[in-house]
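User: Here's a model I'd like to talk through with you. Please keep the answers short and spell out your cut-offs as you go.

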Amino acid sequence: MRMNKIGDMICTLPLLRTLRKEYPAAGLTVLADASNHEMLEAAPFVDNVLVFRKSSGLMANRYLTVMRALSGYSFDLVIAVKGGFSSFLAIAALLSGARCRVGYVSAERPLVSRLYTLPVAPIDFSAFHQVEACLHLAAVLGVQEMIRDISLEIPSAYRQHAIESLHNKHLKPRERLVLMNVSNNRVTSTWPADKFIELGRLAGKRYGAKCIVTGIDADAEQIGRICAAIGDMAHYIKCGKALDFAALAANCNLLVAGDGGASHMGAAVGSRVISLFGATSPVIWSPYGEQHCVLQRPDGDARNITVEEVAAVIEAGGVFA
């Protein structure tokens, strides 16, 4: 069971790969959230994906929603995946009917914690990346060899669509392309439009790079202004679904984005990532991999990160060398 958002599911991919290797003959089902199940659309190591979709009105009870999603299925083992304790997941694990139930427990919630038959003592979650916190759940099963592969499988239709979108803009995959995602659901993790404009102009002048600007539909007008201000070196490519964005990122040399799902998708498809962090902990939520960079100010406000700081990372990393 893995709820929450896109970044949470990407950080769970190593655990899923580890379980598949440890239990090659098992049927591996994931109960995912409506916002993150897309990340498993083409995963060859998962047999089945069930989607938890929040209801409204009389059917809004979360536990009834879990029971409906799991109806007709029988499980031997359930792992409640989260970097910390969740009473909701503990009860949902019980509702699965599985005899063996794995999850992090809490000394403050002893009764609900007892719903796990294979309890996992909490670690110092502030000191571990979310990938490691997820993998640690497998240790209670005796798993010793962990697979730390976050790579995201992208269906061929999405890959082809991304390449066609680039060709329509007279662009070629990985040919000095900077992908800039302007949208974020946290204000302090959202870089201002004028800084994206400045970076786009600098990237074109200093590195001969072209920019692709993306974001949610609500930011389309702002994206248009950014592209117009940068000029011929910038293009807006609309991504209808999360996997459209992932496929586009896979064809770019660099992704610049606020902390969150976009940064994790970029890391998962092999693009270099510069993630502009607000108050979120980079120890826990940085894009996974040594080739990526997190920029964060002491005040926890990404809006105060300068364009020259980003340019210095590009220069030091040899992205366009």
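User: How many residues of each class does the lining of the second largest pocket have?
Analyst: First, this is a predicted model: local features need pLDDT of at least 70, side-chain atom pairs count only at pLDDT 80 or more, and totals for chains, interfaces and linings use all residues. A pocket is an open set of points on a 1 Å grid over the protein atoms alone, with protein on both sides within 12 Å along at least five of seven lines, and its lining residues have an atom within 4 Å of a point; a cavity is a set where a 1.4 Å probe fits but cannot get out. For the classes, Ala, Val, Leu, Ile, Met, Phe, Trp, Tyr, Cys and Pro are nonpolar, Asp, Glu, Lys and Arg are charged, and the others, Gly among them, are polar. By class, this lining splits into 17 nonpolar, 5 polar and 3 charged residues.

User: Which element gives the largest share of the lining of the second largest pocket?
Analyst: That pocket holds about 540 Å³ of space, a volume being the space filled by probe spheres set on grid points joined across faces, edges and corners. Among its 25 lining residues, Gly27, Leu28, Thr29, Leu77 and Val78 are the closest to its centre. Two or more lining residues come from each of α2 (13–22), β1 (29–33) and β3 (77–79), where helices (H or I, at least four residues) and strands (E, at least two) are DSSP runs numbered from the N terminus. The largest share, 4 residues, belongs to α2.

User: And which element gives the largest share for the largest pocket?
Analyst: The largest pocket has a volume of about 880 Å³, and 30 residues line it, with Ile6, Asn185, Gly260, Gly261 and Ala262 nearest its centre. Two or more lining residues each come from α1 (6–10), α10 (242–250) and α11 (261–268). Its lining divides into 9 nonpolar, 14 polar and 7 charged residues. With 4 residues, the largest share comes from α11.

User: What about closed space: which element leads in the lining of the largest cavity?
Analyst: There are 3 cavities of 30 Å³ or more, and the largest has a volume of about 50 Å³. Its lining includes Tyr158, His161, Asp244 and Leu248, and the elements giving two or more residues are α7 (156–168) and α10. By class, that lining has 6 nonpolar, 2 polar and 2 charged residues. The largest share, 4 residues, comes from α7.

User: Is Arg2 buried or exposed?
Analyst: Residues are numbered from 1 along each chain as its sequence is written, and side-chain values use heavy atoms, with hydrogens and water left out. Arg2 lies in the segment before α1, and its side chain makes a 2.9 Å polar contact with that of Thr12 (N or O atoms within 3.5 Å; within protein, one must be able to donate a hydrogen and the other to accept it, and sequence neighbours count only if both atoms are side-chain atoms). Buried means under 20% relative accessible area, exposed over 50% and partly exposed in between, with a 1.4 Å probe and protein chains only. Because its relative accessible area is 1%, Arg2 is buried.

User: Which residue in β10 stands opposite Val256?
Analyst: An open sheet of 6 strands runs in the order β8-β7-β6-β9-β10-β11 with parallel pairing, and two strands pair if DSSP finds at least two bridges between them. Strands β9 (residues 254–258) and β10 (residues 272–277) pair in the parallel sense over 5 bridges. Opposite Val256 stands Ile274.
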